[in-house]
Amino acid sequence: ESPQRKRKSEAVGMSNQTDLLALGTAVGSILLYSTVKGELHSKLISGGHDNRVNCIQWHQDSGCLYSCSDDKHIVEWNVQTCKVKCKWKGDNSSVSSLCISPDGKMLLSAGRTIKLWVLETKEVYRHFTGHATPVSSLMFTTIRPPNESQPFDGITGLYFLSGAVHDRLLNVWQVRSENKEKSAVMSFTVTDEPVYIDLTLSENKEEPVKLAVVCRDGQVHLFEHILNGYCKKPLTSNCTIQIATPGKGKKSTPKPIPILAAGFCSDKMSLLLVYGSWFQPTIERVALNSREPHMCLVRDISNCWAPKVETAITKVRTPVMNSEAKVLVPGIPGHHAAIKPAPPQTEQVETKRKSGGNEVSIEERLGAMDIDTHKKGKEDLQTNSFPVLLTQGLESNDFEILNKVLQTRNVNLIKKTVLRMPLHTIIPLLQELTKRLQGHPNSAVLMVQWLKCVLTVHASYLSTLPDLVPQLGTLYQLMESRVKTFQKLSHLHGKLILLITQVTASEKTKGATSPGQKAKLVYEEESSEEESDDEIADKDSEDNWDEDEEESESEKDEDVEEEDEDAEGKDEENGEDRDTASEKELNGDSDLDPENESEEE
Amino acid sequence: MAGYKPVAIQTYPILGEKITQDTLYWNNYKTPVQIKEFGAVSKVDFSPQPPYNYAVTASSRIHIYGRYSQEPIKTFSRFKDTAYCATFRQDGRLLVAGSEDGGVQLFDISGRAPLRQFEGHTKAVHTVDFTADKYHVVSGADDYTVKLWDIPNSKEILTFKEHSDYVRCGCASKLNPDLFITGSYDHTVKMFDARTSESVLCVEHGQPVESVLLFPSGGLLVSAGGRYVKVWDMLKGGQLLVSLKNHHKTVTCLCLSSSGQRLLSGSLDRKVKVYSTTSYKVVHSFDYAASILSLALAHEDETIVVGMTNGILSVKHRKSEAKKESLPRRRRPDDILINRPAKKHLELYDRDLKHFRISKALDRVLDPSCTIKTPEITVSIIKELNRRGVLANALAGRDEKEISHVLNFLIRNLSQPRFAPVLINAAEIIIDIYLPVIGQSPVVDKKFLVLQGLVEKEIDYQRELLETLGMMDMLFATMRRKEGTSVLEHTSDGFPENKKIES
């Protein structure tokens, strides 16, 4: 009937009721379950809360139950009779948390402020103010006052801890005698809003309080501190625990696994961690090592089932549409959304609808939508959003958006996008393309695709523009200047291709040698060289001579080789011969061959 | 010796974004200081008086920051709920703020507890301001009302119930103590006069109004709402002057530069745009990490403070002017100063060239520090060597490492149209020289392979460009036919083919 809300509290106290589990609901009722019988024991409704129950606490001794709610009230229940013992207004806003003092005579409540109540008289004993936002959690940290010299009245000198909504600080307060200041004595900082807190109570003065705080960002922070009076600076954690998935290879980077809750084991030396998803949490016991300031546990939870949120979002479903229905879509006026009438697949559904006469149930409709998405490609939807994105990007000159749109490789998509662009954005688009045409050919090729599309699709519009020439003049000049090198480049490309093939060919032949064939080839090549122009020989020698000069200059310093300068030209060729001495002829071949051809070009 | 002429380094115009006076001015800020606030920063306001502290409203607190302090020098936290719109008085001594519970509180900058509390609004008060006479406060609230309060008596003077939706922004005229304007989610901006008890002017913005601003002269009104920023002429009775649409999400805040020459607008699309108030064109734009809710400029534009939805306050300080002025030597009045002719220092590569160490000169400019930062110098040297006819000599005789340096440079810059002619030539020479030794070094071979891939791509690209040029020729041709005369002197040599088609 109503969404039930959690908030368990341990059923401690009376011996005959150790098996009771109290559960508060969002409508204000409290359910008592018997854990032994496994069934509902009783309901606490009459005279209770009329809004969401936030926290329930059992009283250690009397077996009473205390609950607080969004309706600003705190209620004391008699569990035996299921009646309200007492109900009083606890705060000006909703009361979010309760905590009973160790001696059972006082009650802490937290709403906008923290109040300490005397349970007998239901009077406020102390106020504690300091949190900017509503207080969300409360906990006593000590059960004995730090200095035992003074007579202990059950409450004075005790410390307690509080956390607040959206607050990265946990405050520690001390209950003091009336006239002392009432602000927090010290505070702990964590990285995000605390969602779960557990601590070990310190029973004597020397024993430090251990505190484990689970934050919203999925980390656990551990603190260890001897509570001893006022401390101005917020304390940072002694140890931080995170859990991540193992990153296998390059593709799967490690992802953090959120820790949901943490609790100290009874020996105070190890910690129970709950992590994963709320649907299927994993619980693990981790030994505490206080020396390490940061612990990152690597756990693989891929075999666990987890709801796939991301995929659910990215799957876009096309609604089934009635042919008469007119769809109004937010967007640019004059540009039509790509939602089309239902494809053939939905006909089945429609016939069903007709045959059934009555309305089709929601379930069936959803089913029909599923069929659609399987058949319909992404493209239609993307073209729907791309023009909008591009228009926005052009208007606000947003680099990221423009990049995202303009770097598509899908020609079809480009065409459709350009087709749907509103006319007034065409000139800005051309200007943007002009800017981007100047880059590296890798990306510029895509821009040309866009440009071509714009020109073909909007040719008639562009030709009617009176100021077309000044608008596109720069673009034209830019392209023209770039194209000027086309001939030379092609020439160079030819050379390079030849060179590369030469290299690859020589690599191949190095791998598999068959000397019988090669001898023939060399002979023929040499003859062909003699037939060619004298110029080649001239130029060759010139080149060699130049190299000699250069090398001799450099070699004077290095003093490496003492060969004749005339011989050095050949030396380079010889160098190769030395490497593969067995294939002298072959190398000679490969060296001479390209030279001839390149000069012939 | 004196006749050596250093190599002229060709300068090329930088294409793309033009560097204007504005970009220089607005880029002249240090890297931002980021301060984490307790919640979304809904308002930032600078004190009009030195030392120009600023008040930051976030969550239920108001922090006062000093100009360079990174921690608040003062905090007002006496709010039961979210605080809004903490604004300084003109003398910088009082601060007024609205609150989610409908209260308006007045603080003394030096005090802690509120001086005055104005109770009367029934819903959240999102905008408050002091009137020009300093003795009244204007407030606008979610209960659709606008109220005028008297500070000395802490009494309500007037209530205007003309808006039909939340009143979320407003400001008081700086000249006339009786005039103030408010913008509301009912899409209107209204000007009220305290002497008439009803609105004297109303303009229709078309979107829920998020921010309004009056020019110091009071003649122009700027309103922001939706994706639009609109400028209205108040003297002509609220005529629309310009409508600017440069954001792709809702514009949330407006601000004027201290000179009044530039208008700034911040938006949820994480950008701040700077407009010129003469041409109303965007002259600059800043990017931020999150959606922007509030924006303020300090006196003399010394600091830009931007508050964002994720609670981060970004503070940018202007770079201090470099004080280069060395103290001029004290001169007696009858001294005559004779300037020594400044000795010209030749660049190192020039010195090498002068002594015909061409290889060394080339080495020098092929150094990675030069090729990456100033490729035009390298290209100029290559060009010069080519002109002298010694490029082949300079390139020859290099080992594997050096030749791969050269090839790297080619690969990086060959596709740049400004360098292409020179570099293609150089590439051909390299191939000619090193053809005999090709295949010996896998490193060099690989570089050649990359170069080949690049050239192939460039050729493909240029082929595409040629096709596109053809298309454009067609387009231009239709233009020309219409006009009958050639408009395209500068491109006419580009399409001889086109003429043929025409004829």
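**Close-up 1. B:His187 in its loop between two strands of chain B.** In this predicted model, B:His187 sits in the loop that links strand E15 (179-184) and strand E16 (188-193) of chain B. Its phi is positive, about 75°, although the residue is not a glycine. B:His187 is partly exposed, at 27% relative accessibility.

**Close-up 2. A:Lys72, a non-glycine residue with positive phi.** The phi of A:Lys72 is about 75°. The residue belongs to the loop between strand E6 (65-69) and strand E7 (73-78) of chain A. A:Lys72 has a relative accessible area of 33% and is therefore partly exposed, since that class lies between the buried limit of 20% and the exposed limit of 50%.

**Close-up 3. The stretch of chain A listed as a WD repeat.** UniProt, in an unreviewed entry, lists residues 46-81 of chain A under "repeat: WD". In the model, residues 46-81 of chain A are 47% strand and 0% helix. The C-alpha atoms at the two ends of this stretch are 11 Å apart.

**Close-up 4. The cis peptide bond from B:Pro50 to B:Pro51.** Omega for this bond is near 10°. B:Pro51 lies in a loop of chain B, with strand E2 (41-46) on one side and strand E3 (54-58) on the other.

**Close-up 5. B:Asp101 and its surroundings.** B:Asp101 is placed in the loop between strand E7 (94-99) and strand E8 (104-108) of chain B. The residue is partly exposed, with 43% relative accessibility. Leaving aside residues up to four places away in sequence, B:Asp101 touches B:Lys80 and B:Asp81. B:Glu119 is 18 residues from B:Asp101 in sequence. The C-alpha atoms of B:Asp101 and B:Glu119 are 9.8 Å apart.

**Close-up 6. Helix H7 against helix H8 in chain A.** The axes of H7 (residues 426-436) and H8 (residues 441-457) of chain A come within 10 Å. They cross at roughly 155°. Angles over 145 degrees count as roughly antiparallel, so H7(A) and H8(A) are roughly antiparallel to each other. The crossing of H7(A) and H8(A) is left-handed. H7(A) contributes A:Ile426, A:Leu429, A:Leu430, A:Leu433 and A:Arg436 to the contact. H8(A) contributes A:Ala444, A:Met447, A:Trp450, A:Leu451 and A:Val454. By class, the contact of H7(A) with H8(A) has nine nonpolar residues, one charged residue and no polar residues.

Terms used:
Residues numbered from 1 in each chain as written. Chains lettered and ligands numbered in written order. Predicted model: local features only at pLDDT ≥ 70, side-chain atom pairs only at ≥ 80, totals over all residues. Heavy atoms only, no water. UniProt positions renumbered as here; feature names shortened; annotations may be inferred. Helix = DSSP H or I, 4+ residues; strand = E, 2+ residues; numbered from the N terminus. Axes fitted to C-alpha atoms, helices over the stretch in contact; angles between N-to-C directions. Parallel < 35°, antiparallel > 145°, perpendicular 65-115°, else oblique. Left-handed = near helix turned anticlockwise from the far one by under 90°. Contact = heavy atoms within 4.5 Å. Nonpolar A, V, L, I, M, F, W, Y, C, P; charged D, E, K, R; others polar. Buried < 20%, exposed > 50% of the residue type's maximum accessible area, 1.4 Å probe, protein only.
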